[in-house]
Structure formats: C-alpha cells, structure tokens
Amino acid sequence: MSAARYRRFLKLCEEWPRDESKKGRDLGTFLRQRVTHAFREGENTQLSDPEKCDQIYESLARINTNVYRERFPRTRDTSFTGVTVEECRMLLATGNMQQMDEEKKGLWKTLTGRFSTKQDVTPEKAPENK
C-alpha cells in the first residue's frame, strides 16, 4: 500500500508546476523535497501514519487541480489592491524580492546610523559661585 501512495505523490510532483522565478521559495520544489524526505526508501517506505499521508495527498491534489478556484470563481482577476496576477508574479520574482531586501537593508542601515550615533554633548558648566 505504501508503494501506491509513493506513486501517487510522484505523479502529483510531475504535475505540480515549478516557478523558476521563485528560486528557493517555489512551492513545487518544496513539495518535491518533502516527498523525497517522507519516502526515503521509495516504494519500500513504512509510513507511521498512512491516514495523515492520504489527507495531505488529497489536500495537495485539490490545490493542484484548482478545485477551490472552480468552486468559488472570482469576479475579477485582481486582488483588493488592483494588482493583476501577472504584476503580482513579477513583484514576487526572486530577483525583485532580493532587490527589495537590499533596499530594506539600506534603509535600515540609514535609520540605525542616524539614531545610534550619539552626539557628544557635554552639559554646560554651571557658573561658579564666588
């Protein structure tokens, strides 16, 4: 029975799309890594919780076949921000994310530099009483 589960997951991995623009953050790549880890011995893997394995498979299969997208169609192909799917893909591409991270680091360095440098302020000396 474990062999059948393994083959189902392999088929799901073959069908699951990869997004090359999301290096290190792609769900398809993550899924393949998790299946490899869970089925270390391939078809001979002994599963500790076969029912949970079946639940996970069924959930992923529903996502992969767009069950919920078809069940709950969207009136528009944009988010509440008005950004289209293609614009969102472009914004979330790894290169753009890295650029935004660098900009955040630059902003963070600027802010911490401004607020962490303490000016050497010496209190005014009080006039001496003579």
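Start by selecting Arg5, Arg8, Phe9, Leu12 and Glu15 in helix α1, together with Pro50, Cys53, Asp54, Ile56, Tyr57, Glu58, Leu60, Ala61 and Asn64 in helix α3: these are the residues through which the two helices meet. Coloured by type, the residues of this contact divide into 8 nonpolar, 1 polar and 5 charged. Keep in mind that the model on the screen is a predicted one.

Next, show the two helices as ribbons: α1 covers residues 2-15 and α3 covers residues 50-64. Their axes come within 11 Å and cross at roughly 20°. Angles under 35 degrees count as roughly parallel, so α1 is roughly parallel to α3. The crossing of these two helices, α1 and α3, is left-handed.

Now keep α1 and add helix α2, residues 27-38. How far apart are the axes of α1 and α2, and at what angle do the helices pack? The axes are 10 Å apart, and the angle is about 160°. Angles over 145 degrees count as roughly antiparallel, and α1 and α2 are therefore roughly antiparallel to each other. Here too the crossing is to be checked: α1 passes α2 in a left-handed crossing.

For the side chains of this second pair, select Phe9, Leu12, Cys13 and Glu14 in α1, which meet Leu31, Arg32 and Val35 in α2. The residues of the contact divide into 5 nonpolar, no polar and 2 charged.

Finally, centre the view on Phe9 and Leu12 of α1. Both are among the residues that meet α3, and both are also among those that meet α2.

Key. Residues are numbered from 1 along each chain as its sequence is written. This is a predicted model: local features need pLDDT of at least 70, side-chain atom pairs count only at pLDDT 80 or more; totals for chains, interfaces and linings use all residues. Side-chain values use heavy atoms; hydrogens and water are left out. Axes are lines fitted to C-alpha atoms, for helices over the stretch in contact, and angles run from 0 to 180 degrees between N-to-C directions. Helices (H or I, at least four residues) and strands (E, at least two) are DSSP runs, numbered from the N terminus. Angles under 35 degrees count as roughly parallel, over 145 as roughly antiparallel, 65 to 115 as roughly perpendicular and the rest as oblique. A crossing is left-handed if the near helix is turned anticlockwise from the far one by less than a right angle, and right-handed if clockwise. Contact means heavy atoms within 4.5 Å. Ala, Val, Leu, Ile, Met, Phe, Trp, Tyr, Cys and Pro count as nonpolar, Asp, Glu, Lys and Arg as charged, and the others, Gly among them, as polar.
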